[in-house]
Amino acid sequence: MSSGQIAGPVGEAHDRHSEPQATIVPMEITDLPLFPLATVLYPDGILNLRIFEARYLDLVRECTREGKPFGVCAVLGSEPHDGAARNSEAAAIGTLARIINFDAQSDGLLGIQAVGGERFRALRTRIAANGLIRADVEI
């Protein structure tokens, strides 16, 4: 038996490089709402946000009603305003986020807490009528 082989049943020699390999098939999510930020969210990380723009209130409403995630990615191409993007591009790589808590804050803004999930890569993006960036992404 050579060094590149391992013993199989009844002493048969098998090339260890020809063993079947697990295949990872990317999963695609369509129409994911994105929240571009000047902050990075890592998997399992916690993100606290104060929501005041109508498009992001729509995002929170949609995600909590439907129990689905949103995407957090870096802001590209302009200076962020209060941490959020204003008519700028979103980075192609980001992290899924799930809302785990929300409340009305004393200043009247909506506070949310989200936890980071899987990383994603945006395949296609578009701007919705309300100004929210939406993407088809690959996990």
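Which residues does arginine 126 touch, not counting residues up to four places away in sequence? In this predicted model, the list comprises Asp31, Leu132, Ile133, Arg134, Ala135 and Asp136. Arginine 126 itself sits in strand E7. With a relative accessible area of 34%, arginine 126 counts as partly exposed, because that label covers values between the 20% limit for buried and the 50% limit for exposed. Two of its neighbours deserve a second look. The side chain of arginine 126 makes a polar contact of 3.2 Å with the side chain of aspartate 31, and another of 3.1 Å with that of aspartate 136. Along the sequence, arginine 126 and aspartate 31 are 95 residues apart, yet their C-alpha atoms are 9.1 Å apart in space.

Strand E3 offers a good place to see how strands pair. With E8, strand E3 pairs in the antiparallel sense over 4 bridges, and here isoleucine 29 has valine 137 of E8 as its bridge partner. With E5, strand E3 pairs in the parallel sense, again over 4 bridges; leucine 37 stands opposite alanine 74 of E5. As a general point, side chains in a regular strand alternate between the two faces of the sheet.

Helix H1 comes next. Its 13 residues, 54–66, should span 18 Å at 1.5 Å a residue, and the end C-alpha atoms are indeed 18 Å apart, so expectation and model agree. Buried residues in H1 are Arg55, Tyr56, Leu59, Val60, Glu62 and Cys63. Seen down the helix axis, these buried residues fall within an arc of 165°, so they line one face of H1. On the other side, Ala54 and Arg65 are exposed. The cover over the buried residues includes strands E3, E4, E5, E6, E7 and E8. After the helix comes glycine 67, with a positive phi near 65°.

The interior can now be described. The largest nonpolar core holds 17 residues, and those with the most contacts inside it are Phe35, Leu49, Ile51, Leu59, Phe70, Val72 and Ile112. Two or more residues each come from E3, E4, H1, E5 and E7, with H1 giving the largest share, 4 residues. A second, separate core has 11 residues, including Leu32, Leu34, Leu96 and Ile133. To explore the surroundings of one core residue, phenylalanine 70 is a helpful choice: leaving aside residues up to four places away in sequence, its contacts include Leu59 and Cys63, as well as Leu32, Phe35, Leu96 and Ile112.

Conventions
Residues numbered from 1 in each chain as written. Predicted model: local features only at pLDDT ≥ 70, side-chain atom pairs only at ≥ 80, totals over all residues. Heavy atoms only, no water. Expected span 1.5 Å × (residues − 1). Buried < 20%, exposed > 50% of the residue type's maximum accessible area, 1.4 Å probe, protein only. Arc of directions from axis to C-beta. Contact = heavy atoms within 4.5 Å. Core = buried A, V, L, I, M, F, W, Y, C linked by side-chain atoms within 4.5 Å. Pairing = 2+ DSSP bridges. Polar contact = N/O pair within 3.5 Å; in protein donor to acceptor, adjacent residues only side chain to side chain.
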